[in-house]
Each structure stands twice: as structure tokens, then as C-alpha cells.
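Trainee: I am new to this one and would love to look closely at a single part of it. Could you choose a good starting place and then walk me outward from there?

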Amino acid sequence: MSYEDDDYPVDTFPKEYEYTAYDQDGLDVNALPSNSETKPRILLMGLRRSGKSSIQKVVFHKMSPNETLFLESTSKIVKDDINNSSFVQFQIWDFPGQIDFIEPTFDSDMIFGGCGALVFVIDAKDDYNEALTKFKNTVIKAYKVNPNIKFEVFIHKVDGISDDSKMESQRDIHQRTSDDLSEAGLNKIHLSFHLTSIYDHSIFEAFSKVVQKLISQLPTLENLLNIFIPNSGIEKAFLFDVVSKIYIATDSSPVDMQAYELCCDMIDMVIDLSSIYSSEETAFDSGSSSLIKLNNNTILYLREVNKFLALVCILREENFNRQGVIDYNFICFRDAISQVFELRMKSQKLAPLQEHNEQDDHDLEDNLVMAMGRTHLEDDNSMMSRTQKLT
Ligand SMILES: Nc1nc2c(ncn2[C@@H]2O[C@H](COP(=O)(O)OP(=O)(O)OP(=O)(O)O)[C@@H](O)[C@H]2O)c(=O)[nH]1
Ligand SMILES: [Mg+2]
């Protein structure tokens with residue numbers, strides 16, 4: 001299914017699904033203070049062979065999990081620029097497991113100073129005593145330099161581990177790290193724990209959560225989704241960064257892992273198909289969408305928001321009868337999202353360090369409510385014709 005969408009031009013997914021630094025949202029990213037210093041930094045730390053480089057390669061470079069068996073040990077800090085949609089822009093620093101903070105060459109002010117999140121990877125299949133000691137020392141040092149860092153613990157390689165022992169490891173690691181930190185007088189630090197593996201979707205889910213905390217517009221994006229969903233008869237929706245399959249926002253209903261996996265698989269399928277047909281220009285054109293009917297009365301509905309973002313919705317089949325309403329609401333939603341982008345651009349240009357203007361967010365939400373509210377007043381037929389005009 002494909003929409004001619006001249007009023008709302010969006011681009012097709014790019015042929016090469018690699019990160020590039022060009023104008024991804026149809027907006028001038030280069031106008032941003034784009035030098036790497038202003039981008040939030042995510043540090044990957046942990047003992048040797050805990051899986052740091054594998055995580056980085058699988059999530060951001062499409063490496064298949066099996067290929068990570070051949071990765072060499074990292075010998076110096078590897079910096080990777082992630083320049084995706086304007087919401088997903090950061091640097092990942094992959095550290096060698098053996099790095100030592102006591103070394104005079106380790107410039108902790110510089111390293112922790114511009115850090116948004118510190119992901120500490122612990123190999124759950126290994127004895128983790130040494131990892132916990134290293135974690136404690138790392139947090140103490142990092143917190144002293146920059147108390148705003150988000151500390152994220154990945155209890156990693158949990159593939160092939162039973163659910164019971166997963167929970168037990170998490171409980172044990174949680175308990176011991178909290179004890180260690182309160183002993184050091186740092187009981188106020190908030191730690192987040194994630195059970196992860198590169199062999200399933202858990203690593204993408206965990207990284208989504210890490211990245212979301214670095215997006216200052218997250219509450220606005222969530223509110224927009226919270227408005228869009230009930231108005232459209234949708235149960236759950238994820239706003240995806242297509243290249244990495246990280247979801248940058250979802251509505252506030254709880255995330256079911258299986259639902260997230262289904263949506264990831266759908267993104268993979270759409271990318272595969274559009275690569276096959278990308279030589280034919282019309283095959284996957286502006287405003288493309290994709291629809292999957294599952295055998296349990298459920299529909300997955302994907303719509304492209306812009307070149308790098310897609311909205312994947314899960315809904316009951318009978319609610320898709322009102323596709324006109326859904327499509328109309330989607331266009332309102334997409335409009336609101338592009339306004340969020342624009343506001344972000346503007347505020348970054350004017351004052352990179354200033355928080356965004358909350359009043360603007362409220363205005364955006366109000367506008368969306370008003371636009372969608374109209375859909376209740378019209379019957380489906382007139383909606384359909386109106387949407388056809390719009391799309
Ligand atoms: N079973 C399993 N193995 C993993 C997982 N993630 C990584 N590995 C394996 O762990 C080994 C070490 O991975 P690396 O990514 O090189 O570890 P690292 O933390 O970067 O190591 P250094 O660079 O030496 O600090 C590789 O053989 C990976 O295949 C996982 O989720 N599950
Ligand atoms: Mg490495």
C-alpha cells in the first residue's frame with residue numbers, strides 16, 4: 001500500500017542503512033552546533049570480554065551476533081558518531097576492558113565531563129566479583145566529576161540462562177552494588193539494571209531505554225503518542241529509529257517484549273523488501289506504509305514518519321475498519337513530530353545548553369488534540385474521502 005503524499009513530503013528509507021551525517025529529517029542538521037563536543041556521550045565500560053564491542057556492533061552496525069565471536073579485544077578507546085535522526089544523535093565510546101583510571105593518561109574530567117550515560121556491562125555467565133569492584137570504583141570516580149551521569153548496568157549474555165537465575169543474578173547484583181555505593185556514602189545515586197543479550201531483542205530494548213533518557217523531548221513525544229493512540233483505536237505504538245531498531249518513544253502503556261519483537265521484525269521485513277525494490281523508484285515511495293495481519297485478530301501497521309523514523313502500531317483487526325481516521329490522525333501526529341524537530345533545532349541553534357520551552361510543547365499537544373478531535377465529528381465515509389484528499 002502506498003500513499004501519494006505531496007502535502008507532506010517524506011523520503012523513502014535510504015538504500016544503505018548506515019548512519020550518515022546529512023540532512024536526515026528534511027531539516028538542516030548541519031546548522032546545529034554539530035561538533036561532537038555538544039553531543040551527549042554514551043560510555044561503554046566493563047571488564048574485558050564482557051561484550052561491550054559486540055553490543056556496539058550489533059545495535060549500531062548491523063553485525064550479526066555470531067560474527068562477534070571474531071571481534072578482537074579493544075586496545076584503545078573507540079569513538080563512534082551516531083548521527084541519525086535529529087533525536088538520535090550521540091557518540092558512543094567503547095572502552096578497552098583493561099583501562100585503568102589510576103593511569104595518569106586517563107583524563108577523567110574530559111571523559112566523564114561530557115558523558116550523558118555510562119553503560120557498565122557485566123558478563124552474567126562469568127564470576128562477577130571483579131566486575132562489581134570495578135563498577136563501584138568507576139561510579140565513584142565518574143560521579144565525582146559529573147553527578148548528572150545516568151548509570152546503566154547491563155547484566156549481559158543472559159541467553160541460555162533460565163528466567164529464575166536471571167532474576168537471581170539481577171537481585172544479587174542490585175543488592176551488592178547498592179551496598180557498595182552506600183558504604184561509599186553515595187546512596188543517592190540512581191542505577192538502572194537491564195538483562196541483555198545480543199542473541200535476542202533485549203539488547204535493543206535496553207539501549208532504547210538508555211537513549212530515551214538522553215532525549216529531552218521524550219515527555220512531549222510520549223504525550224503526542226498518548227493522544228494519537230486512543231483517538232485512533234490503537235493499542236500500542238512505537239516510534240522507531242529505523243536503522244538501529246531503537247524505539248525512541250512509546251505511549252505510556254506497559255511495553256510487552258513480544259510486541260516489541262514483532263515490531264522489530266516488521267521493520268526488518270520492510271527494510272529488506274524496500275531494498276529489494278529500491279531500484280524501482282516507485283516501489284517504496286514517499287509516505288509508504290506497510291500492513292501485516294496476524295492470525296490472532298491483530299494488525300501491525302507501519303507508517304514512515306520521515307527518512308529515519310517509523311511509527312509501528314499494534315491494533316485489533318476490527319478497529320482497522322476505520323483506517324481513514326487512523327491515517328488522518330497519523331498525518332496530524334507526523335505534523336506535530338516535525339514541529340518538535342523544528343523547535344529542537346531552533347532552541348539548539350539559539351542556546352544549545354538551554355532547556356526547551358515547555359509552553360511550546362503544550363501548544364503542540366493542544367493542537368494535536370484539536371486536530372484529532374475533529375475526527376470524532378465526522379463519519380467514516382467523509383473521513384475517508386478527506387484523508388484521500390490529504391494523502
Ligand atoms: N553468549 C553471549 N556471548 C556474547 C554476548 N555478547 C558478546 N558475547 C561474546 O563475548 C565475547 C567478547 O565480546 P567483546 O565484545 O569483544 O567484549 P569486549 O567487552 O569488547 O572486550 P574488550 O574489548 O577486551 O574489553 C565475544 O566472543 C562475543 O561473541 C551475548 O549477549 N551472549
Ligand atoms: Mg571491545
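**A close look at a few loop residues**

Mentor: Let's start at Lys245, whose place is in the loop that joins strand S7 (236–241) to strand S8 (246–250). Such helices (H or I, at least four residues) and strands (E, at least two) are DSSP runs, numbered from the N terminus. You are looking at a predicted model, where local features need pLDDT of at least 70 and side-chain atom pairs count only at pLDDT 80 or more, while totals for chains, interfaces and linings use all residues. Residues are numbered from 1 along each chain as its sequence is written, and chains are lettered from A and ligands numbered from 1 in the order in which they are written.

Now look at the backbone of Lys245: phi is near 60 degrees, which is a positive value in a residue other than glycine. Is Lys245 buried or exposed? Lys245 counts as buried because 23 other C-beta atoms lie within 10 Å. The cut-offs are 20 or more for buried, 12 or fewer for exposed and partly exposed in between, with C-beta atoms placed from the backbone.

Next, go to another lysine, Lys157, in the loop between strand S5 (150–156) and helix H4 (163–183). Here, too, a residue other than glycine has a positive phi, this time near 65 degrees. Lys157 has 22 other C-beta atoms within 10 Å, so this residue is buried.

For a contrast, find Gln98 in the loop that runs between strand S3 (89–94) and helix H2 (108–113). Gln98 is exposed, because just 10 other C-beta atoms lie within 10 Å. Try tracing from Gln98 to Arg48: the two are 50 residues apart along the sequence, yet their C-alpha atoms are 6.2 Å apart in space.

From here, turn to ligand 1. It is surrounded by 21 residues, each with its C-beta atom within 6 Å of the molecule. Gly51, Ser53, Ser54, Thr74 and Gly97 are the closest of them. Helix H1 (residues 52–61) supplies the largest share of this shell, with 3 residues.

Let's finish at Ile122. Leaving out residues up to four places away in sequence, Ile122 touches Gly46, Ser50, Tyr128, Ala131, Val153, Phe154, Ile155, His156 and Ile173. A contact here asks for C-beta atoms within 7 Å. Select Ile122 in the viewer and pick out these partners one by one, beginning with Gly46 and Ser50.

Conventions: Two residues are in contact if their C-beta atoms, placed from the backbone, lie within 7 Å.
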